[in-house]
Structure formats: C-alpha cells, structure tokens
Amino acid sequence: MSARDDFRCGEKVSFDDKYLQPHVGTVVRINQRTATVDTGNGHSWRVPFHMLRQVVDI
C-alpha cells in the first residue's frame with residue numbers, strides 16, 4: 001500500500017476517480033492524508049495516498 005513518504009512534489013502519478021475513470025497528473029502538494037494532483041486540464045484533485053500509483057516515463 002502506498003504511503004505519504006512514497007511521493008514527492010513534481011512526481012507524475014495516476015489514479016482512478018469514483019467512476020473508475022483513470023487520471024494522470026502531477027503532485028503539486030503533499031498534505032497530511034492526501035496529495036493534491038493537477039491533471040493539467042484546469043482541475044486539481046485531493047487524492048488519498050492509497051489510491052495513487054506512480055507513473056514511470058519511458
């Protein structure tokens with residue numbers, strides 16, 4: 001399970017919303033229980049760490 005220490009600001013991550021739609025974005029802030037993720041389309045999401053997945057650029 002992912003924890004707060006697994007993520008850093010500026011890191012690319014992905015997650016699924018409540019409708020199971022995948023989103024990819026960049027961590028812009030680390031909070032106590034959530035990370036604020038900017039998806040680049042004008043939306044920011046507060047996502048719990050257990051829902052985040054790290055994205056590796058190839």
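## A five-strand sheet and its side-chain pairs

At 26% relative accessibility, D16 counts as partly exposed, a class that lies between buried (under 20% relative accessible area) and exposed (over 50%), as judged with a 1.4 Å probe on protein chains only. The model is predicted, so that local features are described where pLDDT is at least 70 and side-chain atom pairs only at pLDDT 80 or more, whereas totals for chains, interfaces and linings use all residues. Residues are numbered from 1 along each chain as its sequence is written, and side-chain values rest on heavy atoms, with hydrogens and water left out.

The frame for what follows is the sheet. Five strands form an open sheet in the order β4-β3-β2-β1-β5, and the pairing is antiparallel; strands here are DSSP runs of E with at least two residues, numbered from the N terminus, and two of them pair if DSSP finds at least two bridges between them. Strands of a sheet pair through backbone hydrogen bonds, either parallel or antiparallel. Because β4 and β5 stand at the edges, each with a single partner strand, one side of each is left without a neighbour in the sheet.

Moving through the pairings, β1 and β2 run antiparallel and are joined by five bridges, with D16 standing opposite P22 in β2. The antiparallel strands β2 and β3 (residues 34-38) are joined by four bridges, and the bridge partner of I30 in β3 is A35; these two strands form a hairpin with three residues between them. On the other side of β1, the pairing with β5 is also antiparallel and runs over two bridges, with S14 opposite R53 in β5.

This last pairing leads back to D16. A search of the whole structure finds one salt bridge, the term being kept for a side-chain nitrogen of Lys or Arg within 4 Å of a carboxyl oxygen of Asp or Glu. The side chains of R53 and D16 meet in it, at 3.4 Å from N to O, and the pair links distant parts of the chain, with R53 in strand β5 and D16 in strand β1, 37 residues apart. Side chains of opposite charge can pair when their charged atoms come close. R53, at 40% relative accessibility, counts as partly exposed. Leaving aside neighbours within four places in sequence, R53 is in contact (heavy atoms within 4.5 Å) with V13, S14, F15 and D16. By comparison with these contacts, R53 and T26 are 27 residues apart in sequence and 11 Å apart in space, C-alpha to C-alpha.

Next to D16 in the numbering is another acidic residue, D17, which lies in the loop between β1 (12-16) and β2 (22-30). D17 is buried yet has no salt bridge, and the nearest side chain of opposite charge, K18, is 8.7 Å away; for this purpose Lys and Arg count as positive and Asp and Glu as negative, while His and the chain ends are not counted. The side chain of D17 does reach the backbone nitrogen of Q21, at 2.8 Å. Outside the neighbours within four places in sequence, D17 is in contact with H23 and W45. The loop that holds D17 also holds L20, whose phi is near 65°, a positive value in a residue other than glycine. The hairpin of β1 and β2 has five residues between the strands, and L20 is exposed there, with a relative accessible area of 67%.

The aromatic residues remain. Rings of Phe, Tyr and Trp (its six-membered ring) pair if their centres lie within 6.5 Å, and planes under 30 degrees apart count as stacked, over 60 as edge-to-face and the rest as tilted. By this rule the count comes to two aromatic pairs. The rings of F7 and F49 have centres 6.1 Å apart and planes at 20°, so this pair is stacked. Because F7 lies in the segment before β1 and F49 in the loop between β4 (44-48) and β5 (53-54), the pair ties together parts that are 42 residues apart in sequence. F7 is buried at 2% relative accessible area, and F49 is buried at 6%. In the other pair, the rings of F15 and W45 have centres 5.4 Å apart and planes at 65°, so the arrangement is edge-to-face. F15 lies in strand β1 and W45 in strand β4, so the pair ties together parts that are 30 residues apart in sequence. F15 is buried, at 2% relative accessibility, whereas W45 is partly exposed at 28%.

Technical notes: Polar contact = N/O pair within 3.5 Å; in protein donor to acceptor, adjacent residues only side chain to side chain.
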